[in-house]
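Visitor: I'd like to learn how to read a protein model like this one. Could you walk me through it, one feature at a time?

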Amino acid sequence: QAPWDGRLREDPSAEFVSTEASEVSRFLARPSDFAYEVTEVTSAGSIRSMSISRGQLLKDTKLRPRDLRAVAVQPLPGSDAGPMLSSRRGALLIGLGGVRAIVEEERALLFGPPSRDRTRFLRVLENQRRSALDGDAGFLPNGGFRMIFVESALLALSRSLDSRLLEIRRATEPKLRAPPVLREPDLEEVRQLRRSLVRCASQAKAVSSALLSRLDGDEASLLAGGSDVDAA
């Protein structure tokens, strides 16, 4: 397999994009039969990996192709993808940190390969779900699963950023206590850590802005147990 050249390829309709040209070719051959590997998480706490065709996914979720692309396409390695929280036909499209998903009333479909961020998120989600059940007489209220899912994605992202900030602090503090003259390798490391710190701050600010901008929108209505029509 040829090394990745850092570019995304997309089909002429712009409904599908991938870092691999072979994947685009496979999509173009039979778009409706193109299969996505997803992780299904239900409000009951079950988790399973499954393969679902693009046609079936669009039929089940009633999403438009461009909405599906928004969550199914993974960000480029090393890039900072902006946060996403959008309401589409009774479903929430979420892109927060390493979580990209379609969230419905009783289940969510997670896109992307297994990762450390995914594992952290699923652990947080299960803890939040159990806490909600303990406090609501053993069942989730209307809209509760969507709310728990979003809360868990935010908690997982927050903990990931906290962990990164702690790593930066541990690496920089010894150097700041060192003699005033630093060697060039140390200076370069400090520069890299500063860039990482700026990225963490930018990511946190972007998520905060995205949430605040949607508090009065359709997304808030869905989280409260309503629908797009109710919000309108």
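Visitor: Let me start with the rings. How many aromatic pairs does the structure hold?

Guide: Keep in mind that this is a predicted model. The structure holds 4 aromatic pairs. In general, you describe a pair of aromatic rings by the distance of the centres and the angle of the planes. Take Phe34 and Tyr36: their centres are 5.3 Å apart and the planes stand at 75°, an edge-to-face pair.

Visitor: Which residues form one aromatic cluster with Tyr36?

Guide: Phe34 and Phe111 join Tyr36 in one cluster.

Visitor: Are Phe34 and Tyr36 buried or exposed?

Guide: Buried here means under 20% relative accessible area. Phe34 has 4% relative accessibility, so it counts as buried. Tyr36 is at 9%, so it counts as buried too.

Visitor: Now the sheet. What is the order of its strands?

Guide: Read across the open sheet of 6 strands and you get S4-S3-S8-S7-S6-S5, with antiparallel pairing. Strand S4 (47-53) and strand S5 (84-88) each have a single partner strand, so they stand at the edges and one side of each has no neighbour in the sheet. On average, neighbouring strands are turned by 25° against each other, ignoring direction.

Visitor: Which residue stands opposite Val38?

Guide: That's Phe111 in S8, a residue we just met in the aromatic cluster. The two strands involved, S3 (residues 35-42) and S8 (residues 107-111), run antiparallel and are joined by 5 bridges.

Visitor: How do I read which way the side chains of a strand point?

Guide: The general idea is that in a regular strand the side chains alternate between the two faces of the sheet. Try it on S6: Ala91, Leu93 and Gly95 point one way, while Leu92, Ile94 and Leu96 point the other way. Strand S6 (residues 91-96) is mostly covered, with 6 of its 6 residues buried.

Visitor: What are the partners of S6?

Guide: S5 is one, running antiparallel to S6 with 5 bridges between them. S7 (residues 99-103) also pairs with S6 over 5 bridges in the antiparallel sense. Ile94 is a handy marker for both pairings: it is the bridge partner of Leu85, and it stands opposite Ala101 in S7.

Visitor: And the turns of those hairpins, which residues have a positive phi there?

Guide: In the hairpin of S5 and S6, with 2 residues between the strands, look at Arg89, whose phi is positive, near 50°. The hairpin of S6 and S7 also has 2 residues between its strands, and there Gly97 in the turn has a positive phi of about 60°.

Visitor: How should I think about the inside of the protein?

Guide: The general idea first: in soluble globular proteins, nonpolar side chains tend to be buried together. Here, 37% of the 232 residues count as buried. The largest nonpolar core has 24 residues, and those touching the most other members are Ile94, Val99, Val103, Leu110, Phe121 and Phe149. The elements giving two or more residues to this core are S6, S7, S8, helix H4 (116-135), helix H5 (144-176) and helix H6 (184-213). H5 gives the most, with 8 residues.

Visitor: Which residues does Ile94 touch, leaving out those up to four places away in sequence?

Guide: They are Val71, Met84, Leu85, Val99, Arg100, Ala101, Val103, Phe149 and Val150. There is also a second, separate core of 18 residues, which includes Phe34, Met50, Leu93 and Ile102.

Visitor: What about loops? Is Glu104 buried or exposed?

Guide: Glu104 sits in the loop between S7 and S8, and at 17% relative accessibility it counts as buried. Leaving out residues up to four places away in sequence, Glu104 touches Asp60, Thr61, Ala91, Phe145 and Arg146.

Visitor: And Pro114, buried or exposed?

Guide: Here the cut-off for exposed is over 50%. Pro114 has a relative accessible area of 75%, so it is exposed. You'll find Pro114 in the loop between S8 and H4. From Pro114 to Gly98 is 16 residues in sequence and 9.9 Å in space, C-alpha to C-alpha.

Visitor: Last one: how much surface does the protein expose?

Guide: About 13400 Å², with carbon and sulfur atoms supplying 53% of it.

Definitions and conventions
Residues numbered from 1 in each chain as written. Predicted model: local features only at pLDDT ≥ 70, side-chain atom pairs only at ≥ 80, totals over all residues. Heavy atoms only, no water. Pairing = 2+ DSSP bridges. Helix = DSSP H or I, 4+ residues; strand = E, 2+ residues; numbered from the N terminus. Axes fitted to C-alpha atoms, helices over the stretch in contact; angles between N-to-C directions. Buried < 20%, exposed > 50% of the residue type's maximum accessible area, 1.4 Å probe, protein only. Areas by Shrake-Rupley, 256 points an atom, 1.4 Å probe, with all protein chains shown as cover. Core = buried A, V, L, I, M, F, W, Y, C linked by side-chain atoms within 4.5 Å. Contact = heavy atoms within 4.5 Å. Phe/Tyr/Trp six-rings, centres within 6.5 Å; stacked < 30°, edge-to-face > 60°.
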